[in-house]
Amino acid sequence: MQASPASLTPKLSICIATFNRGKFIGETLDSVLAQMTPEVELVVVDGASPDDTQEQVSAYVARFAQLRYFREPTNSGVDRDYDKAVGYARGEYCWLMTDDDLLVPGAVNRVLSELDPSVELVLVNAEVRNLDFSRLLDPRIFQSETDRQYGPEESERLLVETMQGLSFIGSVIVKREIWLSRVREPYFGSLFIHVGVIFQAPWPGVVKLIAAPQVVIRYGNAMWTARGFEIWMFKWPNLIWSFADFSDRP
């Protein structure tokens, strides 16, 4: 494993949890590493992939000092691996990026421009394309066409207006110290740890939503596609209903 210089404290850690993505992760890494600045590091946590993910990522580690790769001895699930990635990260903010999707050109600089001291969470829009990115399926997962901002007293509005888009973890850039201060263990195995971290209690600071898509989603490649009925009929509703600080009105 090759690390970036210890003297540098990144502003942003792009955190990827991966499993069995040897076929796709190179394209994802290319889209990220092309945008790296001295303020940014890339952290990849590999949940003991049995395919060639290790070989694919190791080739990039040898070329990019800002890429830090952690291969876990056993697979502990996507939620734990994202939590580990945040733990390994050194940045002030962590972007919970996915392992088979792409950043649009300029996405890193766009996010960096929003990270002022008052901001504790940034959500970025994403467009959805088919498996080989040749066809646009949905121009945005958050329906807003203009940037939005939410204050500390607007957590319920945040939940209502962003719930659908937040099923995609790659939309989340969160202040690391707040992530680590929140309870995470109850959401291991939920497949949506980020939603639990954000909404387990009213969010304490400013949230920004970037309306222009910054990620391109590769639709139909999710590891849990075969479990869709269980996830969307049970896991997701049970998670949303578990947030006691929010009203249950429609």
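Two strands are said to pair if DSSP finds at least two bridges between them. This tour relies on that term at several stops. The model on display is a predicted one.

**The whole chain**

Begin with the complete chain in a cartoon view. It holds 8 helices and 10 strands. Its C-alpha trace spans about 50 × 40 × 35 Å along the principal axes. A compact globule of 250 residues would have a radius of gyration near 18 Å, and the chain, at 17 Å, agrees with this. Of the 250 residues, 54% count as buried. Among contacts with a separation of 6 or more, 80% are accounted for by residues 24 or more positions apart.

**Strand S1 and its neighbours**

Next, select residues 12-18, which form strand S1. 7 of the 7 residues of this strand are buried, so S1 is largely enclosed by the rest of the structure. With side chains shown, Leu 12, Ile 14, Ile 16 and Thr 18 point one way, while Ser 13, Cys 15 and Ala 17 point the other way.

Add residues 40-46, strand S2, to the selection. S1 and S2 pair in the parallel sense over 7 bridges. To see one of these links, pick Ser 13, whose bridge partner in S2 is Glu 41. Then show helix H1, residues 25-33, which together with S1 and S2 makes a right-handed β-α-β unit.

Now add residues 93-97, strand S4, which pairs with S1 in the parallel sense over 5 bridges. Ser 13 serves again as a guide, since its bridge partner in S4 is Cys 94.

**Ile 14 and the nonpolar core**

Which residues touch the most other members of the largest nonpolar core? They are Leu 12, Ile 14, Leu 42 and Trp 95, in a core of 80 residues. In soluble globular proteins, nonpolar side chains tend to be buried together.

Select Ile 14, which lies in strand S1. Its relative accessible area is 0%, so Ile 14 is buried. Apart from residues up to four places away in sequence, Ile 14 touches Val 32, Val 40, Glu 41, Leu 42, Val 43, Trp 95, Met 97, Leu 103 and Val 108. A distance label between the C-alpha atoms of Ile 14 and Leu 42 should read 4.8 Å, although the two residues are 28 residues apart along the chain.

**Asp 99**

Move on to Asp 99, in the loop between S4 and strand S5 (102-103). Is this residue buried or exposed? Asp 99 has a relative accessible area of 9%; the cut-off for buried is under 20%, and Asp 99 is therefore buried. Display its side chain together with that of Thr 18: the two make a polar contact at 2.9 Å. Leaving aside residues up to four places away in sequence, the residues that Asp 99 touches include Ile 16, Ala 17, Phe 19, Arg 21, Phe 24, Ile 25 and Thr 28.

**Helix H3**

Select residues 78-88, helix H3. The buried residues here are Asp 79, Asp 81, Tyr 82, Asp 83, Ala 85 and Val 86. Show the partners of these residues as well: they pack against S1, S2, S4, helix H6 (176-181) and helix H7 (193-199).

**Strand S9**

Colour residues 172-175, strand S9, whose two faces are both covered. Val 172 and Val 174 lie on one side and Ile 173 and Lys 175 on the other, and all are buried.

S9 runs antiparallel to S4, to which it is joined by 3 bridges. It also runs antiparallel to strand S6, residues 119-129, again with 3 bridges. What is the bridge partner of Trp 95 in S9? It is Ile 173. Ile 173 is also the partner in S9 of Val 122.

**Two loop residues with positive phi**

End with two residues outside the helices and strands. Ala 48 is found in the loop between S2 and helix H2 (53-61). Its phi is positive, about 60°, although Ala 48 is not a glycine. At 17% relative accessibility, this residue counts as buried.

Leu 191 sits in the loop between H6 and H7. It has a positive phi of about 75° and, again, is not a glycine. Leu 191 is buried, with a relative accessible area of 13%.

Key: Residues are numbered from 1 along each chain as its sequence is written. This is a predicted model: local features need pLDDT of at least 70, side-chain atom pairs count only at pLDDT 80 or more; totals for chains, interfaces and linings use all residues. Side-chain values use heavy atoms; hydrogens and water are left out. Buried means under 20% relative accessible area, exposed over 50%, partly exposed in between (1.4 Å probe, protein chains only). Helices (H or I, at least four residues) and strands (E, at least two) are DSSP runs, numbered from the N terminus. A crossover is right-handed if, with the strands pointing away from the viewer, the path from the first strand over the helix to the second runs clockwise. Contact means heavy atoms within 4.5 Å. A polar contact is a pair of N or O atoms within 3.5 Å; within protein, one must be able to donate a hydrogen and the other to accept it, and residues adjacent in sequence count only if both atoms are side-chain atoms. A nonpolar core is a set of buried Ala, Val, Leu, Ile, Met, Phe, Trp, Tyr and Cys residues joined through side-chain atoms within 4.5 Å. The radius of gyration is taken over C-alpha atoms; the globule rule is 2.2 Å times the number of residues to the power 0.38.
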